[in-house]
Amino acid sequence: MEKNLEFPELLRLIDERSTAFRAAVAAAPSLDAQVPTCPEWTLFDLVKHLGGGDRFWAAIVGAGPADAPPAEAVAERAALEVPREREDLLAWLAASTQLLLSALREAGPEGGCWAWWSGLQTPRTAGGVAQHRVQESAVHTYDALLAAGAPQPLPAEVALDGVEEFLFTCVATSSAWPHKPTAFDFHAAEGRSWRLTVDGAGARTTRIPAPAATGEDSEAAGISLHGTASELVLSLYDRIPATSLHVDGDAELWDLLRAWEPEE
């Protein structure tokens with residue numbers, strides 16, 4: 001069974017994806033280019049969002065265990081002002097990423113902090129923040145490349161971690177699934193698979209053997225989605241349509257999952 005990425009690897013990937021993001025922004029024709037996957041944003045807005053997020057999470061991790069994000073960090077993010085000139089803006093983003101990395105290193109993977117997710121499957125720790133920020137940086141790098149007219153899939157190691165990170169962080173909940181209990185299977189072409197079970201106890205995900213290992217798909221799932229890890233992540237984040245995946249089973253279940261808003 002493959003292991004999750006270790007903390008130093010997560011920090012390396014945050015740095016790598018931020019570097020790739022800045023390269024995409026530097027190569028774009030204009031900071032005023034619209035971002036198709038974030039239709040209300042320009043490329044400038046996307047940079048501000050990612051850099052502001054880095055600084056926000058750096059403050060959260062630095063504050064340690066808490067029931068809410070630091071009030072000062074919330075206020076600073078709401079009033080965030082960034083350089084308009086491209087070179088200065090990119091320098092500001094690089095500095096923002098380094099602030100985040102420094103805070104994560106100082107806290108260590110087990111350092112507790114506030115987080116918006118439930119904590120059921122992703123811990124509210126600096127390690128959990130690092131894993132999530134890899135995906136934030138990776139998906140927004142895809143957005144920036146798309147805005148620049150040169151979209152590329154997510155790197156395999158990032159995407160494989162990203163499928164599990166999304167299911168563990170963004171989907172896990174103890175809120176009851178309001179429909180008939182079922183399961184969603186996600187099969188990455190790279191050989192890793194997961195099952196999301198939804199029922200009256202909420203939603204939780206486990207790793208399962210890949211179809212190649214069992215010879216067939218399990219009948220326990222109401223729907224199975226197949227694609228590269230990058231395609232699975234980008235579909236989960238609404239960057240590409242579900243039609244980009246191979247779907248077996250009841251396709252309407254995918255719409256129900258995407259429309260579900262747990263109370264927790």
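The following dialogue explains how to read several features of a predicted model.

Me: Which helices and strands make up the chain, and in what order do the elements run?

Reply: The model is predicted, and its secondary structure comes to nine helices and five strands. From the N terminus on, the elements run α-α-α-α-α-α-β-β-β-α-β-α-β-α.

Me: What does the radius of gyration say about the chain?

Reply: The value is set beside the one that the globule rule gives for a chain of that length. Here the radius of gyration is 19 Å, close to the 18 Å from the rule for 264 residues, so the chain is as compact as a globular protein of that length. Along the principal axes, the C-alpha atoms fill a box of roughly 55 × 40 × 30 Å. Buried residues account for 51% of the 264 residues. Among contacts between residues at least 6 apart in sequence, 67% join residues at least 24 apart.

Me: How should one read a pair of strands, and what is the case for β2 and β3?

Reply: In a regular strand, side chains alternate between the two faces of the sheet. In this structure, strand β2 (residues 192–199) pairs with strand β3 (residues 202–208) in the antiparallel sense, over seven bridges. The two strands form a hairpin, with two residues between them. Within the pairing, Ser193 of β2 stands opposite Ile208 in β3.

Me: How many aromatic pairs are there, and what makes a pair stacked or edge-to-face?

Reply: The angle between the ring planes decides: under 30 degrees counts as stacked, and over 60 as edge-to-face. The count comes to eight aromatic pairs. One of them joins Trp57 and Trp117, which are stacked at 5.7 Å centre to centre with 20° between the planes. Trp57 belongs to helix α2 (residues 43–63) and Trp117 to the loop between α4 (86–107) and α5 (126–147), so this pair ties together parts 60 residues apart in sequence. Both Trp57 and Trp117 are buried. The rings of Trp177 and Trp260 have centres 5.0 Å apart and planes at 90°, so that pair is edge-to-face. Trp177 lies in the loop between α6 (156–171) and β1 (182–188), and Trp260 in the segment after α9 (252–259), so the pair links parts 83 residues apart in sequence.

Me: Are Trp177 and Trp260 buried or exposed?

Reply: Relative accessible area under 20% counts as buried. Trp177 is buried at 4% relative accessibility, and Trp260 is buried with a relative accessible area of 13%.

Me: Which residues do ring pairs link into a cluster?

Reply: The cluster consists of Phe56, Trp57, Trp114, Trp116 and Trp117, linked by ring pairs. A ring may also face a charge: the charged end of Arg84 sits over the ring of Phe44, 3.9 Å from its centre.

Me: Which residues touch the most other members of the largest nonpolar core?

Reply: That core has 58 residues, and those touching the most other members are Trp57, Leu104, Phe184, Phe186 and Leu196. Helix α6 gives the most to this core, with eight residues. Apart from it lies another core, of 21 residues, among them Leu46, Val47, Leu50 and Leu90.

Me: Where is Arg133 found, and what is it in contact with?

Reply: Arg133 is found in helix α5 and counts as buried, at 3% relative accessibility. Leaving aside neighbours within four places in sequence, Arg133 is in contact with Ile14, Leu50, Gly53, Asp54, Trp57 and Leu100.

How values were computed: Residues numbered from 1 in each chain as written. Predicted model: local features only at pLDDT ≥ 70, side-chain atom pairs only at ≥ 80, totals over all residues. Heavy atoms only, no water. Phe/Tyr/Trp six-rings, centres within 6.5 Å; stacked < 30°, edge-to-face > 60°. Helix = DSSP H or I, 4+ residues; strand = E, 2+ residues; numbered from the N terminus. Buried < 20%, exposed > 50% of the residue type's maximum accessible area, 1.4 Å probe, protein only. Lys NZ or Arg CZ within 6 Å of the ring centre and 35° of its normal. Pairing = 2+ DSSP bridges. Core = buried A, V, L, I, M, F, W, Y, C linked by side-chain atoms within 4.5 Å. Contact = heavy atoms within 4.5 Å. Rg over C-alpha atoms; globule rule 2.2 N^0.38 Å.
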